[in-house]
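Here's a quick tour of one protein model, from the whole fold down to single side-chain pairs. Have the structure open while you read.

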Amino acid sequence: MAASPSTARAINDRLALRLLQQEGPLTAGQLKERTGLSRPTVADLVERLTAAGMVEVAGEARAQRRGPNAKLYGLVAGRAHLAALDVRTEGVALVVSDLVGEVLAEASLPIADDTGTGPAVEQAVTLVERTAKEAGADRLHTVGIGAPGLIDPATGELRDSTSLPEWHRRLVAALQERLPEARVSVENETNLAALAEQRDGSARDRDTFVLLWLGHGTGAAVILDGTLRRGASGGTGEIGFLPVPGTRGLPSATDCAGGFHSLAGAAAVAALAKECGVVPEPGSDPEAAGAVRAAVSRPGSATHTRFLDTLADRVAVGVASVVALLDPGCVVLGGEIGQAGGEALASRVHDHLAVMSPLPVEVRPSTLGGGAVLRGALLTARDHAQDELFGVPGH
């Protein structure tokens, strides 16, 4: 059955808007080439989207022939403002951007362990409000949050956890209450990091891969056939609880001590560095990442080589389990430690895996590192906002 005229216009508009989002400003002629639509149809949709406040003249194309330069049409970046938050145990980082994702303001706030739940929530919400004002945003359209822990697939809420601060869960509701016009959503931090690596980082050429997060904590995100997999309870990738050899016990339902976390979490890596005599770069957070960077910077040192080889052996134990179950073909080492290790750590993990597993797998270092969570939260917020805005204009 043929689409009705209004449905056809909506489809054409959405196609044009997506192209402008992906490629930036385009001329009417370029829109015609990329969409396959007729010149009158493109002219009609440009006029309609301009009247709807979605598209504006963004400049002129460089002349390729005599006559006036063609107008370039781009998205109205100020149509909506977005916020992205990276919520960690030790504080919050955030950015505020326009609709196309250009960062207008950014800020961070440490929150001490002994800060009460109420004051911690108030500090974080105030930071969001203040940063939005600095960005010139009268209101926020969408807020994307990345946080450690499990996201309930039925409700989309951060589940209660005895190992994480209570203010994490309270923050989502508080933001929604203080920003009633905004859409506030939360996603597991490692999942967001994987989405960012797929769009802008090491996995841009992969539809199937696993991101192994190595930072203060450990985690994994699974993308199969281009789709993020969360699991029945939202717990896919809780690799810190994976029982592994080399620890002094077994993890429990409430504590991942004794699991993979005890081998590859920041505290374990920092302890290994001390044992090996590796001095971290000063001012590093986490300290473990500083130790890895120091070791990578002096590849000829026997001490540093022993540290990196031992760390790679530990990481490979967890990666081998993931590879045996999922056969992803590619594993990205993310987080501050994964980025600090770079190719030096990734190649060592690959060599260990080649001995342990019959399945071929590439091991790549992250190109986004600790910033991947914030980048993923911003990309997700932008997608949500554009999906909502692009679906309407005037139909």
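Start with the contacts: of those in the protein with a separation of 6 or more, 62% are between residues 24 or more positions apart, a contact being heavy atoms within 4.5 Å. Before going further, keep in mind that this is a predicted model, where local features need pLDDT of at least 70, side-chain atom pairs count only at pLDDT 80 or more, and totals for chains, interfaces and linings use all residues. Residues are numbered from 1 along each chain as its sequence is written, and side-chain values use heavy atoms, with hydrogens and water left out.

## Overall build

The protein has 12 helices and 13 strands; these are DSSP runs numbered from the N terminus, helices being H or I of at least four residues and strands E of at least two. Its radius of gyration is 24 Å, close to the 21 Å that the globule rule gives for 395 residues, so the protein is as compact as a globular protein of that length. That radius is taken over C-alpha atoms, and the rule is 2.2 Å times the number of residues to the power 0.38. Along the principal axes, the C-alpha atoms fill a box of roughly 70 × 50 × 45 Å.

As for the surface, about 18,400 Å² is accessible, and carbon and sulfur atoms own 51% of that. Those areas come from the Shrake-Rupley method with a 1.4 Å probe; for residues, only the protein chains shown count as cover. Of the 395 residues, 50% count as buried. Here buried means under 20% relative accessible area, exposed over 50%, and partly exposed in between (1.4 Å probe, protein chains only).

## Strands and sheets

Strands of a sheet pair through backbone hydrogen bonds, either parallel or antiparallel. For pairing to be called here, DSSP has to find at least two bridges between the two strands.

Look at strand S4 (residues 81-88) first: eight of its eight residues are buried. His 81, Ala 83, Leu 85 and Val 87 point one way from S4, while Leu 82, Ala 84, Asp 86 and Arg 88 point the other way. S4 is joined by eight bridges to strand S5 (residues 91-98), running antiparallel, and the two form a hairpin with two residues between them. Within that pairing, Ala 84 stands opposite Val 95. S4 also has five bridges to strand S7 (residues 142-147), this time parallel, with Asp 86 opposite Gly 146.

There's also an open sheet of three strands, in the order S1-S3-S2 with antiparallel pairing. Strand S1 (26-27) and strand S2 (55-60) stand at the edges with a single partner strand each, so one side of each is left without a neighbour in the sheet. S1 is joined to strand S3 (residues 71-75) by two bridges, and Leu 26 has Tyr 73 as its bridge partner.

Towards the other end of the numbering, strand S12 (residues 330-334) pairs with strand S13 (residues 362-365) in the parallel sense over four bridges, and Val 331 is partnered with Val 363. Add helix H11 (residues 335-356) and you get a right-handed β-α-β unit. Right-handed means that, with the strands pointing away from the viewer, the path from the first strand over the helix to the second runs clockwise.

## Salt bridges

The structure holds 20 salt bridges, each a side-chain nitrogen of Lys or Arg within 4 Å of a carboxyl oxygen of Asp or Glu. Here are three of them:

| Pair | Closest N to O |
|---|---|
| Glu 166 and Arg 169 | 3.8 Å |
| Asp 205 and Arg 364 | 2.8 Å |
| Arg 293 and Glu 281 | 3.1 Å |

What separates Glu 166 from Arg 169? They are three residues apart in helix H5 (residues 166-178), so about one helical turn lies between them. Glu 166 is partly exposed at 33% relative accessible area, and Arg 169 is partly exposed at 33%.

The pair of Asp 205 and Arg 364 links distant parts of the chain, 159 residues apart: Asp 205 is in the loop between helix H6 (189-200) and strand S9 (209-214), and Arg 364 is in strand S13. Asp 205 counts as exposed at 57% relative accessibility, whereas Arg 364 counts as buried at 14%.

Arg 293 lies in helix H9 (residues 287-297) and Glu 281 in the loop between helix H8 (266-276) and H9, so this pair ties together parts 12 residues apart in sequence. Arg 293 is partly exposed at 30%, and Glu 281 is partly exposed at 32%. Finally, Asp 86, Arg 88, Glu 189 and Glu 336 are joined into one network by salt bridges that share partners.
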